[in-house]
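This briefing is addressed to a reader who has the sequence and the coordinates at hand. Please keep the structure in view while reading the points below.

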Amino acid sequence: MDDQILASEENFGSVTVCAGGVVHVNLAHCSLKFLPADFVKFSELIAQARLKFGPPRAMGGKPRLQLVSPDNQGDASSEDEKPVTE
């Protein structure tokens with residue numbers, strides 16, 4: 001019996017179940033193996049963290065940059081600091 005693919009995202013990773021029932025989470029530089037009950041706990045943990053993480057940034061949106069100079073680097077309360085946008 002071949003591995004059963006539970007989820008796959010091209011150029012990111014996949015989640016499979018092998019014939020022995022072990023759940024394999026494979027990412028580019030990381031692989032995790034779980035017993036089924038532990039995978040359920042892990043997925044619930046990740047779901048909780050995702051809810052607290054905040055909304056995802058819009059794909060294709062420009063990142064907001066902030067100009068930092070040695071004069072105001074340690075002063076986080078400076079009113080002169082403005083985000084740099086295009």
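The points that follow cover the fold, the strand pairings, the aromatic residues, the largest pocket, the cysteines and one loop residue.

The model is a predicted one. The secondary structure of the protein consists of 1 helix and 6 strands, and from the N terminus the order of these elements is β-β-β-β-α-β-β. Of the 86 residues in the protein, 13% are buried.

**Strand pairing and hairpins**

- Strand β2, residues 13–17, pairs with β3 in the antiparallel sense, and this pairing runs over 5 bridges.
- Within the pairing of β2 and β3, Val 15 has Val 25 of β3 as its bridge partner.
- The hairpin of β2 and β3 has 5 residues between the strands, and in this hairpin Gly 21 adopts a positive phi near 90°.
- On the other side of the sequence of β3, strand β4 (residues 30–34) also pairs with β3 in the antiparallel sense, over 5 bridges.
- A hairpin of 2 residues makes the connection from β3 to β4.
- Two residue pairs can be located across β3 and β4: Asn 26 has Ser 31 of β4 as its bridge partner, and Val 23 stands opposite Phe 34 in β4.

**Phe 34 and the aromatic cluster**

- Phe 34 belongs to strand β4.
- With a relative accessibility of 15%, Phe 34 counts as buried, because the cut-off for a buried residue is under 20%.
- The C-alpha atom of Phe 34 is separated by 9.4 Å from that of Val 17, although the two residues are 17 residues apart along the chain.
- How many aromatic pairs does a search of the whole structure find? The search returns 2 aromatic pairs.
- One of them joins Phe 34 and Phe 39 in a tilted arrangement, with 6.1 Å centre to centre and 55° between the planes.
- Phe 34 and Phe 42 form a stacked pair, at 4.7 Å centre to centre and with 25° between the planes.
- The term "stacked" applies to Phe 34 and Phe 42 because their planes, at 25°, meet the criterion of under 30 degrees.
- Phe 34, Phe 39 and Phe 42 together make up one aromatic cluster.
- Phe 42 has a relative accessibility of 26% and therefore counts as partly exposed.

**The largest pocket**

- The largest pocket holds about 180 Å³ of space.
- Its lining consists of Val 15, Val 25, Leu 27, Phe 39, Phe 42, Ser 43 and Ile 46.
- Two members of the aromatic cluster, Phe 39 and Phe 42, are thus found again in the lining of the largest pocket.
- Val 15 and Val 25, bridge partners, also both belong to the lining of the largest pocket.
- Which elements each supply at least two residues of the lining? These are β3 (23–27) and α1 (36–53).
- The largest share of the lining, 4 residues, comes from α1.
- Sorted by class, the lining of the largest pocket has 6 nonpolar residues, 1 polar residue and no charged residues.

**Cysteines**

- A disulfide is a covalent bond between the sulfur atoms of two cysteines.
- A search of the whole structure finds 0 disulfides.
- Is Cys 18 buried or exposed? Cys 18 has a relative accessible area of 18% and so counts as buried.
- Cys 30, at 33% relative accessibility, counts as partly exposed.

**A loop residue with positive phi**

- Most residues other than glycine have a negative phi.
- Asn 11, a residue other than glycine, has a positive phi near 65°.
- Asn 11 lies in the loop between β1 (4–9) and β2.
- Asn 11 counts as exposed because its relative accessibility of 78% is over 50%.

Conventions:
Residues are numbered from 1 along each chain as its sequence is written. This is a predicted model: local features need pLDDT of at least 70, side-chain atom pairs count only at pLDDT 80 or more; totals for chains, interfaces and linings use all residues. Side-chain values use heavy atoms; hydrogens and water are left out. Rings of Phe, Tyr and Trp (its six-membered ring) pair if their centres lie within 6.5 Å; planes under 30 degrees apart count as stacked, over 60 as edge-to-face and the rest as tilted. Buried means under 20% relative accessible area, exposed over 50%, partly exposed in between (1.4 Å probe, protein chains only). On a 1 Å grid over the protein atoms alone, a cavity is a set of points where a 1.4 Å probe fits but cannot get out, and a pocket is an open set with protein on both sides within 12 Å along at least five of seven lines; lining residues have an atom within 4 Å of a point. Grid points are joined across faces, edges and corners, and a volume is the space filled by probe spheres set on the points. Ala, Val, Leu, Ile, Met, Phe, Trp, Tyr, Cys and Pro count as nonpolar, Asp, Glu, Lys and Arg as charged, and the others, Gly among them, as polar. A disulfide is a pair of cysteine sulfur atoms within 2.5 Å. Two strands pair if DSSP finds at least two bridges between them.
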